[in-house]
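Visitor: I am new to this structure and would like to learn how to read it, one feature after another. Could we begin with a single residue and work outwards from there?

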Amino acid sequence: MVIFDLDKLVEDTNLYEKMVELHVGQIVKGVVACNFKEFSFVKVANLSCILPLSEISFDTKQKCLKIGTEIEAVVIKMSEEHGIMLSIKRIKGDPWQTIEEDYKIGQRVNVKVKNIASYGVFVEFGAGLSGLVHRNDLTIQKHVEPKDIVSVGQMIEVQILSIDKERQRIALSLKDCMEDPWEHVEERYHIGQKLSRKIINLLGYGAFFELEPGVEALLHRSELGLTKADKLKKYLSVGDVLEVEIATLDVENRKISLKGNLPTKSDDNTIESDE
């Protein structure tokens, strides 16, 4: 175990004028010697300098660097009272100041998933830059949770939708980088085609089936011979597999309607081959 003498480290910082010539704005190299809650001591030559946690990165959730990490930093303050203070993030400057020059609307970039929420996915571009992929821009599929699409730490390709420099927000889209399943959908499906598909959502007016990821179809309750008093959930459940027939196919408006019957007790709910 390596033990650091804090008094000796502080004493070193008060000797900087005698031991080496430094000035504010100078770039120096050093090694992280020890960490505390809000700052680290960094050895620069034979000096102990202070690196505040807030000066490591523009990322507000930045953690202390590992002891022994070699760094390059800039001197931002020098005083007998506080010693020599360093900053890593100020070497390159605030990335938000040049965000509109570095990134363009419509540009595709590779990013890392940082956090997943019910309303979307937060990703990071690198030091100090992050963006949000709203759940509506994750996938063309409906009724899918963000956590079922990506995972924390995963690298994904996204497209930039908007940049708000003043509020420091970037809106991104994952689905715009994916192949559109509705392209040439009429070549895979046709009116009168019979399919066995699973119910993925139930609403008062009908059941939604997934024909394939991103392509859904509606079986309206009127096709099942139910009255207004009949509750659809009494007869169907999410996960049920029914044999249905394509009744209409509207590619322009991305709508497919189905025909079908309520399952009987003899139905075994197995998926059959498409006709």
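Guide: Let us start with Leu-258 in this predicted model; leaving aside its neighbours within four places in sequence, Leu-258 is in contact with Phe-209, Ala-217, Leu-218, Leu-219, Glu-223, Val-244, Glu-245, Ile-246 and Ala-247.

Visitor: Which residues touch the most other members of the largest nonpolar core?

Guide: That core has 21 residues, and Leu-258 belongs to the group with the most such partners, together with Phe-209, Leu-236 and Ile-256. At least two residues of this core come from each of strand E11 (194–203), strand E12 (206–212), strand E13 (215–220), strand E14 (241–250) and strand E15 (255–260). Apart from this core lies another, of 20 residues, including Val-113, Leu-138, Ile-156 and Leu-174.

Visitor: How many helices and strands does the protein have, and what share of its residues is buried?

Guide: There are four helices and 15 strands, and of the 275 residues, 37% are buried. When contacts between residues at least 6 apart in sequence are considered, 61% of them join residues at least 24 apart.

Visitor: How many disulfides are counted, and why does Cys-64 not form a bond with the closest cysteine sulfur?

Guide: In general, a disulfide is a covalent bond between the sulfur atoms of two cysteines. Here the count is zero. The sulfur of Cys-64 has its closest cysteine sulfur in Cys-34, and because they are 10.0 Å apart, that is too far for a bond.

Visitor: Is Cys-177 buried or exposed?

Guide: Cys-177 counts as buried because its relative accessibility is 18%, under the 20% cut-off, whereas Cys-64, with a relative accessible area of 28%, is partly exposed.

Key:
Residues are numbered from 1 along each chain as its sequence is written. This is a predicted model: local features need pLDDT of at least 70, side-chain atom pairs count only at pLDDT 80 or more; totals for chains, interfaces and linings use all residues. Side-chain values use heavy atoms; hydrogens and water are left out. A nonpolar core is a set of buried Ala, Val, Leu, Ile, Met, Phe, Trp, Tyr and Cys residues joined through side-chain atoms within 4.5 Å. Buried means under 20% relative accessible area, exposed over 50%, partly exposed in between (1.4 Å probe, protein chains only). Contact means heavy atoms within 4.5 Å. A disulfide is a pair of cysteine sulfur atoms within 2.5 Å.
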